[in-house]
Amino acid sequence: MPKNWKTKLIHSDAKIPEGFRSLSVGVQRASTVLFPNAASVKDEWDPYEVGYTYGLYGTPTTLELAGRICELEHGYRTLITPGGQCAISLINLAFLKAGDQVLIPVSVYTPSRKFATHVLRKFGVEVSLYPPQAGSGITQHFRPNTRLVWCESPGSITLEVQDVPAIVEASHQRGALVAIDNTWSAGIYFDAFAHSADITMQALTKYIGGHSDLLLGSITVRDERAWHQLGATQQLVGCAASPDDCSLALRGMKSLAVRLEAIGEAALHLANWLADRPEIERVLHPALPSCPGHDLWKRDFTGSTGVFSIVFQPKFSKPQVQGFVDKLQLFKIGYSWAGVTSLAVAYDFHSIPSRPNYGHRIVRLNIGLEDISDLQADLEQALAALG
Ligand SMILES: Cc1ncc(COP(=O)(O)O)c(C=O)c1O
């Protein structure tokens, strides 16, 4: 059939050479996915069962990333979400209903806690916070309606390492599921499924992306039942990850091993150096005995990454602690972490009463890939300026 040039803009007959092969995963963007004939059209979400039906449920780029995360985390299947916080929300929406109770450690990532207290409560879910060090003592927080228990180990900012196996055992005895935010370990240094967790999530924004330029999340489940519950919810919530971002994450993943090794080593060196400084009361790094849960880290983890916190001596005022952060030159000030640039953020726990009594004295550091001696010199000059 002859075609007008306008039609050719849409239905081109141009031919290109076949047989291209490269080392990168192609970026497949799509909302519409084509069906071979009228009878095969279906609006079902699971690409592993029914093939590709709609961009929302993944394109080959999205599923390639999902498959690789799943492989690393030893799960059954992985779903990619547009961000880590979206992964957290989706897990709550998929596995909770009105009348259920969810248990959340007080050390959890703040927006995770707020989703529970601001959104889940609105829909009739009972939300209770528990101390991160609860271990098997978590039983005292259980009610007959406890359905989901969250862990985040180590916790955000204060880095408490949790006794995940003890929490899982207590939860399973009462028929509750355990979901873990495994972002700090990059899904590598803590094998959540080997420690019997049911659901894991990561902000791929962090170590998998690795360059502070994308937002993505992952949810990995241990069995088919959870997969169906999760996928059916994602279909209706309608949150789709961008294949472009997935391709960046796939590229980031290739250098994950060397980045983690270099960052982990530098962070440990600087944490030990800071622990000996007179200005610092305490270093909260899971590999140091001064960190709550250090023995659990030694028992359950196979390495440490680049985020830790320092607590200044009580004599330092809030302006002095903030002055320390402002004085840093290589460490930049900003949220998110796990990129190649070192970062520092000062927190004030006076405004968050449930957090430990570190007040305004706590600063979280993210160690990047700069030279270790330069980072140490930067910290040293900022400490010296404290007076
Ligand atoms: C532990 C943890 N979980 C989840 C998230 C949320 O990830 P995202 O920024 O991709 O939404 C963050 C972000 O800082 C985080 O630190």
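The residues that line the largest cavity divide into 11 nonpolar and five polar, with no charged residue among them. The model in which this cavity occurs is a predicted one. Rolling a probe the size of a water molecule over the atoms shows where empty space is left. In this structure, one cavity of 30 Å³ or more is found, and the space in the largest cavity amounts to about 140 Å³. Its lining comprises 16 residues, and those nearest the centre of the cavity are Tyr57, Gly58, Thr62, Leu63 and Leu79. Three elements each contribute at least two residues to this lining: helix H3 (60-73), strand S1 (77-81) and helix H7 (224-237).

The largest pocket was examined next. Its volume is about 520 Å³, and its lining is made up of 28 residues. Nearest the centre of the pocket lie Tyr109, Ser156, Lys206, Trp337 and Arg364. Two or more lining residues come from each of H4, helix H5 (110-120) and strand S6 (199-203). Of the elements, H4 supplies the most, with three residues. By class, the lining of the largest pocket has 14 nonpolar, 10 polar and four charged residues.

The largest pocket is also the space that the ligand takes up. Around the ligand there are 15 residues, of which Gly84, Gln85, Asp181, Thr205 and Lys206 come nearest. Lys206 thus appears in both settings, being listed among the residues nearest the ligand and among those nearest the centre of the largest pocket. The shell around the ligand consists of six nonpolar, six polar and three charged residues. Helix H4 (residues 84-95) gives the most to this shell, again with three residues.

Polar contacts to the ligand involve both backbone and side-chain atoms of the protein. At glycine 84, a polar backbone atom is 2.8 Å from an oxygen atom of the ligand. At aspartate 181, a polar side-chain atom lies 2.6 Å from a ligand nitrogen atom. At tryptophan 337, a polar side-chain atom is placed 3.0 Å from an oxygen atom of the ligand. On its own the ligand has 390 Å² of accessible area, and the protein covers 89% of this. Of the residues in these contacts, Gly84 and Asp181 are listed among those that come nearest the ligand, while Trp337 is one of the residues nearest the centre of the largest pocket.

Backbone geometry was considered last. Most residues other than glycine have a negative phi, and most peptide bonds are trans. Two departures from this pattern are found in the loop between strand S4 (146-152) and helix H6 (164-173). The peptide bond that runs from serine 153 to proline 154 is cis, and its omega is near -5°. Proline 154 has its place in the loop that joins S4 to H6. Isoleucine 157, which is not a glycine, has a positive phi of about 70°. Isoleucine 157 is likewise located in the loop between S4 and H6.

Note on methods: Residues are numbered from 1 along each chain as its sequence is written. This is a predicted model: local features need pLDDT of at least 70, side-chain atom pairs count only at pLDDT 80 or more; totals for chains, interfaces and linings use all residues. Side-chain values use heavy atoms; hydrogens and water are left out. A residue is near a molecule or strand if one of its heavy atoms lies within 4 Å of it. A polar contact is a pair of N or O atoms within 3.5 Å; within protein, one must be able to donate a hydrogen and the other to accept it, and residues adjacent in sequence count only if both atoms are side-chain atoms. Accessible areas come from the Shrake-Rupley method with a 1.4 Å probe; for residues, only the protein chains shown count as cover. On a 1 Å grid over the protein atoms alone, a cavity is a set of points where a 1.4 Å probe fits but cannot get out, and a pocket is an open set with protein on both sides within 12 Å along at least five of seven lines; lining residues have an atom within 4 Å of a point. A molecule sits in a cavity or pocket if more than half of its atoms lie within 2 Å of its grid points. Helices (H or I, at least four residues) and strands (E, at least two) are DSSP runs, numbered from the N terminus. Ala, Val, Leu, Ile, Met, Phe, Trp, Tyr, Cys and Pro count as nonpolar, Asp, Glu, Lys and Arg as charged, and the others, Gly among them, as polar. Grid points are joined across faces, edges and corners, and a volume is the space filled by probe spheres set on the points.
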